[in-house]
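Student: Hi! Could you walk me through this model, and may I interrupt with questions as we go?

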Amino acid sequence: MRVLLVGGGGREHALALGLAGDPAVEALVAAPGNPGIAAVAELREVTPTDPAAVAALAVEVAADLVVIGPEAPLVAGVADAVRAKGIAVFGPSAEAARLEGSKTFAKDVMTAAGVPTARAYTCEDASAVAQALDEFGAPYVVKDDGLAAGKGVVVTDDRAAAERHAAECGRVVIEEYLSGPEVSLFVVTDGEAAVPLLPAQDFKRVGDGDTGPNTGGMGAYAPLPWAPPNLVDDVMRDVVHPTLAELRRRGTPFAGLLYVGLAITPSGPRVIEFNARFGDPETQVVLALLETPLGGLLHAAATGTLGAHPPLRWRDGAAVTVVVAADGYPAGPRTGDVITGADRAGIIHAGTRRDADGTLRSAGGRVLCGTATGPDLAAARDAAYALVRDVELAGSHHRTDIAAAAVDGRITIPG
Ligand code: AMP
């Protein structure tokens, strides 16, 4: 199988490692890729959000499967353009990707499908915003309606800050605050059959103890020792299958990766958000534990044959990833700084570039992450932090408490 992987972040580096490790994948091309991916794939230039360009590249490299990493190409219709060339693609159509591209559309689908989620209003002016904030009370949850790379959400007790964010965004979704630990559940689907991966937890806030602004994600771990034993089965029954059925009913089946972001509230799991692609950095830990060959799994989802795919196999133990972010991230990351200590197994590249002389430099807000597995969560956590300690990047910062509460048994479900 010849595979073209679209994207160039940490998620795509993790996907590239998984695909390259699948004996059925005889050639792996990544576009645009990154210096970490370059170790396992041939890199090609492409604008990932240009449907015609990606489709032409898929034809040129004779891809049997195109795997689309990020959300922006999906929302732009890249999967549709590739499919129109008769090439199998892992990633939903632009229509189905609206599940991520529009918070309002996602709420609509959830309501129609009876999926448990926060009550919400879409608001377009200050008086509607004020009314919704009054109704729900603090903490206030205000979400930009469009794609915002995980940074369009403000959760705050500060009424003025909530109103300011709403005014800056224009069209927002304001919703009820959901309390409880968060879970990311990835589901591989061909539109009908659906296979859950291991649940993971990510860390959205920039600072230790969940302080500071939201980011794309500062770390993750899997599996979740504190999760209720029937969590995955319940979410598949109450969330995933009803959502997939509703999208089929609308004539826009969702095939690809359905990312279900949940809060485990006192009244059970509630959906915080859907995404239409693998999450970053949870992919790094989930795929580190997946033993089943990744190419075959994604190909089955892309070709409507997932129902016949064998059950997944997982490695024992746990995985932890810790993101190293650039000075100034998330507000205004500085790029171009020299990185040392990053060319080793377990370092996943996210925002890096390499000079002609081989010097590695930062090229984005989330620069890289240290990903490690271990016989248990404590061991995986120690190993991930050991990797990060050996990386030098001026001004960089990382959280020091990734997976700490889970290791110490401090995560509880309120109620
Ligand atoms: P989203 O982009 O919708 O995942 O939101 C980003 C982060 O904001 C989530 O991971 C949560 O930590 C937080 N968040 C979003 N919606 C809610 C909610 N209704 N209640 C509590 N926290 C939320």
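Tutor: Sure, we'll start with the chain as a whole and then go to single residues. This is a predicted model, where local features need pLDDT of at least 70, side-chain atom pairs count only at pLDDT 80 or more, and totals for chains, interfaces and linings use all residues. Residues are numbered from 1 along each chain as its sequence is written, and side-chain values use heavy atoms, with hydrogens and water left out.

Student: Fine. How many helices and strands are in the protein chain?

Tutor: The protein chain has 13 helices and 24 strands. Helices (H or I, at least four residues) and strands (E, at least two) are DSSP runs, numbered from the N terminus. The radius of gyration is 20 Å, close to the 22 Å that the globule rule gives for 415 residues, so the chain is as compact as a globular protein of that length. That radius is taken over C-alpha atoms, and the globule rule is 2.2 Å times the number of residues to the power 0.38.

Student: And what box do the C-alpha atoms fill?

Tutor: Roughly 55 × 50 × 40 Å, taken along the principal axes.

Student: What share of the residues counts as buried?

Tutor: Of the 415 residues, 55% are buried. Buried means under 20% relative accessible area, exposed over 50%, and partly exposed in between (1.4 Å probe, protein chains only). As for contacts, meaning heavy atoms within 4.5 Å, residues 24 or more positions apart account for 67% of those with a separation of 6 or more.

Student: What about charges: how many positive and negative side chains are there?

Tutor: There are 34 positive and 51 negative side chains, and the centres of the two sets lie 1 Å apart. Lys and Arg count as positive and Asp and Glu as negative, while His and the chain ends are not counted. The place of a charge is taken as NZ of Lys, CZ of Arg, CG of Asp or CD of Glu.

Student: Let's zoom in. Is Arg 11 buried or exposed?

Tutor: Arg 11 is buried, at 7% relative accessibility. It lies in helix H1, residues 10-20.

Student: Which residues does Arg 11 touch?

Tutor: Not counting residues up to four places away in sequence, Arg 11 touches Gly 69, Pro 70, Glu 71, Arg 277, Phe 278, Asp 280, Thr 283 and Gln 284. Its side chain also makes a polar contact with the side chain of Glu 12, at 2.8 Å. A polar contact is a pair of N or O atoms within 3.5 Å; within protein, one must be able to donate a hydrogen and the other to accept it, and residues adjacent in sequence count only if both atoms are side-chain atoms.

Student: New topic: backbone oddities. Where are the cis peptide bonds you'd point to?

Tutor: One runs from Ala 222 to Pro 223, with omega near -10°, and Pro 223 sits in the loop between strand E15 (219-222) and H9. Another joins Tyr 329 and Pro 330, with omega about 5°; Pro 330 is in the loop between strands E18 (318-325) and E19 (338-340).

Student: Why bother flagging those, or a positive phi?

Tutor: Most residues other than glycine have a negative phi, and most peptide bonds are trans. Ala 62 has a positive phi of about 55°, in the loop between helix H2 (51-60) and strand E4 (65-68). Ala 403 has a positive phi too, near 65°, and is found in the loop between strand E24 (392-393) and helix H13 (404-407).

Student: And how accessible are Ala 62 and Ala 403?

Tutor: Ala 62 is partly exposed, at 42% relative accessibility, whereas Ala 403 is buried, at 1%.

Student: Cool. Which residues of helix H5 are buried?

Tutor: In H5 (residues 94-101), Ala 96, Ala 97, Leu 99, Glu 100 and Gly 101 are buried. Their cover includes helices H3 (71-75), H6 (103-113) and H9, with strands E16 (256-265) and E17 (268-275).

Student: What does Thr 252 contact?

Tutor: Leaving aside neighbours within four places in sequence, Thr 252 contacts Glu 95, Ala 96 and Leu 247. Thr 252 lies in the loop between H9 and E16 and is buried, with a relative accessible area of 12%.

Student: Last one, on H9: are Asp 234 and Arg 237 buried or exposed?

Tutor: Asp 234, in helix H9 (residues 231-249), is buried at 19%. Arg 237, also placed in H9, is exposed, with a relative accessible area of 53%.
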